[in-house]
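Hi everyone, thanks for making time this morning. I'd like to walk you through one structure, starting with a single loop residue and then moving outward.

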Amino acid sequence: MTDLELDAVAEGLFKYLLTQTETPLDAIAVLGMTLLKVFKAGSDGTIPIATFAKDFEKSLIESFNSASAQGTETRQ
């Protein structure tokens, strides 16, 4: 997926979660739990959760700050 595609999916999930939770912070808790469940389902157990979290944090911030996820481009 491109950063723009990721951003579009994230925007849709964000809007959905806002309809299902009382506050945006509740949505963060749901996303965090979901992320850990996805990691566990896709992991063979060789990568510690702390390593995954550090790598994910770096990747997430880079994607959020990327030029293709910013500006006047159309988002779906």
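A short tour, starting from T21

Let me begin with the neighbours of T21. Leaving aside residues up to four places away in sequence, T21 touches D26, A27 and V30. Before I go further, please keep in mind that this is a predicted model.

So where does T21 sit? You'll find T21 in the loop between α1, residues 3–20, and α2, residues 24–42. And is T21 buried or exposed? Its relative accessible area is 17%, and the cut-off for buried is under 20%, so T21 counts as buried.

The side chain of T21 also has polar partners on the backbone. One of its polar atoms lies 2.7 Å from the backbone oxygen of L17. The T21 side chain also reaches the backbone oxygen of T23, at 3.4 Å.

L17 takes us into α1. This helix has 18 residues. From first C-alpha to last, α1 reaches 25 Å, close to the 26 Å expected at 1.5 Å a residue. Which residues of α1 are buried? D7, A8 and L17 are buried there, and what covers the buried residues of α1 includes α2.

Other residues of α1 have more to say about the surface. D3 lies in this helix, and with a relative accessibility of 23% it counts as partly exposed. Here is a pair to try in your viewer: D3 and S63. They are 60 residues apart in sequence, yet their C-alpha atoms are 6.0 Å apart in space.

L13 is in α1 too. At 44% relative accessibility, L13 is partly exposed. Together with M1, L6 and V9, L13 makes a nonpolar surface patch of about 390 Å².

Now let's step over to α3, for those of you who like charges. As a general point, side chains of opposite charge can pair when their charged atoms come close. How many salt bridges are there here? The count comes to one. The partners are K58 and E62, whose side chains meet at 3.6 Å, N to O.

Where are these two along the helix? Helix α3 covers residues 49–65, and K58 and E62 are separated by about one helical turn because they are four residues apart in it. In general, an α-helix has 3.6 residues a turn, so residues three or four places apart point the same way. As for accessibility, K58 is exposed, with a relative accessible area of 56%, whereas E62 is partly exposed, at 48%.

Finally, let's zoom out to the whole protein. It has three helices and zero strands, and read along the sequence the pattern is α-α-α. Of the 76 residues in the protein, 12% are buried. The protein exposes about 6,200 Å², and carbon and sulfur atoms supply 64% of that area.

To pull the threads together: we started at T21, a buried residue in the loop between α1 and α2. We then followed α1 to its nonpolar patch residue L13, and ended with the salt bridge between K58 and E62. Thanks for listening, and I'm happy to go back to any of these on screen.

Key
Residues numbered from 1 in each chain as written. Predicted model: local features only at pLDDT ≥ 70, side-chain atom pairs only at ≥ 80, totals over all residues. Heavy atoms only, no water. Buried < 20%, exposed > 50% of the residue type's maximum accessible area, 1.4 Å probe, protein only. Polar contact = N/O pair within 3.5 Å; in protein donor to acceptor, adjacent residues only side chain to side chain. Contact = heavy atoms within 4.5 Å. Expected span 1.5 Å × (residues − 1). Patch = residues over 30% accessible without salt bridge, like charges linked within 9 Å, V, L, I, M, F, W, Y side chains within 5 Å. Areas by Shrake-Rupley, 256 points an atom, 1.4 Å probe, with all protein chains shown as cover. Salt bridge = Lys/Arg side-chain N within 4 Å of Asp/Glu carboxyl O.
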